[in-house]
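Biologist: I would like a close look at a single part of this model. Please keep the language plain.

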Number of protein chains: 2
Amino acid sequence: LYGYDVPVRSTGELRDAILVAARAEFAQYGLAGARIDRIAKAAAASKERLYAHFRDKETLFREVLAADGAEFFAAVSLRPDSVPEFVGDIFDLSLSHPEHFRMLNWGRLEGVSLYPPAGDDGRTAPAEALDAVRAAQRDGLVDTRWDPEELLILLFGLGLAWAHWPDPRSVTEDAGQIAQRRAAAVEAASRIVAVTDGAADGSDRLATSR
Amino acid sequence: LYGYDVPVRSTGELRDAILVAARAEFAQYGLAGARIDRIAKAAAASKERLYAHFRDKETLFREVLAADGAEFFAAVSLRPDSVPEFVGDIFDLSLSHPEHFRMLNWGRLEGVSLYPPAGDDGRTAPAEALDAVRAAQRDGLVDTRWDPEELLILLFGLGLAWAHWPDPRSVTEDAGQIAQRRAAAVEAASRIVAVTDGAADGSDRLATSR
């Protein structure tokens with residue numbers, strides 16, 4: 001109707017339109033499979049205008065990865081009084097926002113660093129989540145023998161186990177089955193964090209070697 | 001030295017050489033990023049000969065995925081008397097054969113079905129592993145309230161949690177840190193499978209809804 005480069009759009013609006021189109025394209029096809037001409041077309045922009053905003057495909061990919069990563073981690077928050085439920089939230093997020101989850105996986109395979117959110121002291125887990133684990137440990141809700149980062153990454157592993165399972169046939173639309181998978185992941189987390197008898201005897205950390 | 005299509009190779013040898021080259025290429029670059037000309041060159045074959053064996057890039061990708069998936073699953077076996085250690089084996093495998101792990105992830109993102117190994121009764125988990133979980137439950141070593149498939153996928157999720165963690169900066173070469181991550185994953189599995197008091201009271205399965 002309007003052709004490419006609708007003139008009423010501001011530079012910022014054009015940039016946003018390109019990012020929206022790029023997020024859909026990269027989530028579906030990854031870095032290598034994404035096509036700049038498809039992104040430009042979906043954003044009703046010329047390729048020239050697109051490259052004026054984003055130097056190359058990888059620059060655009062990094063921008064999308066940062067945005068998706070930030071949204072993914074902002075969507076779940078770990079509350080000290082319900083650590084196992086965090087796993088359920090992650091599970092839900094992988095179903096409600098598969099595009100963020102896919103983007104994180106493409107980024108990992110392409111070796112693209114997910115700079116934000118940066119963790120504290122050189123760790124790569126979100127700092128707020130680590131703080132929440134520590135608070136839960138102080139409150140006696142999570143076994144103090146867990147290293148907070150170790151535990152956090154394992155919780156993500158549980159919440160995303162089905163989403164990562166390599167056979168696409170494992171995907172289901174069955175609400176009952178989905179609820180059962182979710183409940184199992186939350187139950188597993190409950191058992192992991194539970195303060196056991198051993199924790200009370202003053203032993204400090206889990207074994208650090210095999 | 002010999003140029004392309006070394007004549008002393010049999011058809012089977014050529015096919016194998018192409019597959020070896022394709023496995024390295026796909027693991028690194030994925031389906032979209034892989035280049036058929038690089039594969040042909042690495043196998044010292046012409047593109048024409050390559051296409052005579054494998055119809056197109058996706059056909060070759062499926063072949064590689066099936067081979068890598070079969071090797072990945074064959075490399076770990078779940079023994080009923082050491083279910084938590086299975087998680088350690090998976091963890092080790094992700095480090096010793098990152099190319100298989102990467103291939104499984106590329107395949108999942110590209111939506112390519114990992115046909116073998118096929119599970120029993122329409123399930124997508126390896127049948128032998130499911131049988132081993134059932135045996136462990138019969139022997140009182142794993143809580144009977146776990147659905148065997150649910151549990152198995154969660155165990156894979158634990159073993160691969162670090163390998164899946166989106167930030168590539170989390171990769172480490174530090175042997176002590178690797179050992180600690182492994183021990184934490186195995187400990188988490190121990191806690192999950194542990195037969196708890198509740199299991200003895202005759203209650204059957206875990207809650208199937210939130």
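Biologist: How many aromatic pairs does the structure hold over all chains? Please take one of them and describe its setting.

Modeller: This is a predicted model. Over all chains, 13 aromatic pairs are found. One of them joins Phe73(A) and Phe156(A), whose ring centres are 5.7 Å apart. Their planes stand at 70° to each other, and the pair is edge-to-face, because an angle over 60 degrees counts as such. Phe73(A) belongs to helix α4 (residues 57-75) of chain A, while Phe156(A) belongs to helix α8 (residues 148-159) of chain A, so the pair ties together parts that are 83 residues apart in sequence.

Both rings can also be placed by their accessibility. Phe73(A) has 10% relative accessibility and counts as buried. Phe156(A) is buried too, at a relative accessible area of 4%. The cut-off for buried is under 20%.

The pair is part of a cluster in which ring pairs link Phe72(A), Phe73(A), Phe86(A), Phe156(A) and Trp165(B). Trp165(B) in that list brings in chain B, which leads to how the copies are arranged. A turn of 180° and a shift of 0.0 Å along the axis lay chain B on chain A with an RMSD of 0.0 Å. The two copies are therefore related as by a two-fold rotation axis. In chain B, the residue that comes closest to this axis is Gly157(B), with its C-alpha at 2.4 Å. Of the interface residues of chain B, 100% are also interface residues in chain A, so the copies meet through the same surface.

Technical notes:
Residues numbered from 1 in each chain as written. Chains lettered and ligands numbered in written order. Predicted model: local features only at pLDDT ≥ 70, side-chain atom pairs only at ≥ 80, totals over all residues. Heavy atoms only, no water. Phe/Tyr/Trp six-rings, centres within 6.5 Å; stacked < 30°, edge-to-face > 60°. Helix = DSSP H or I, 4+ residues; strand = E, 2+ residues; numbered from the N terminus. Buried < 20%, exposed > 50% of the residue type's maximum accessible area, 1.4 Å probe, protein only. Least-squares fit on C-alpha atoms with pLDDT ≥ 70 in both. Contact = heavy atoms within 4.5 Å.
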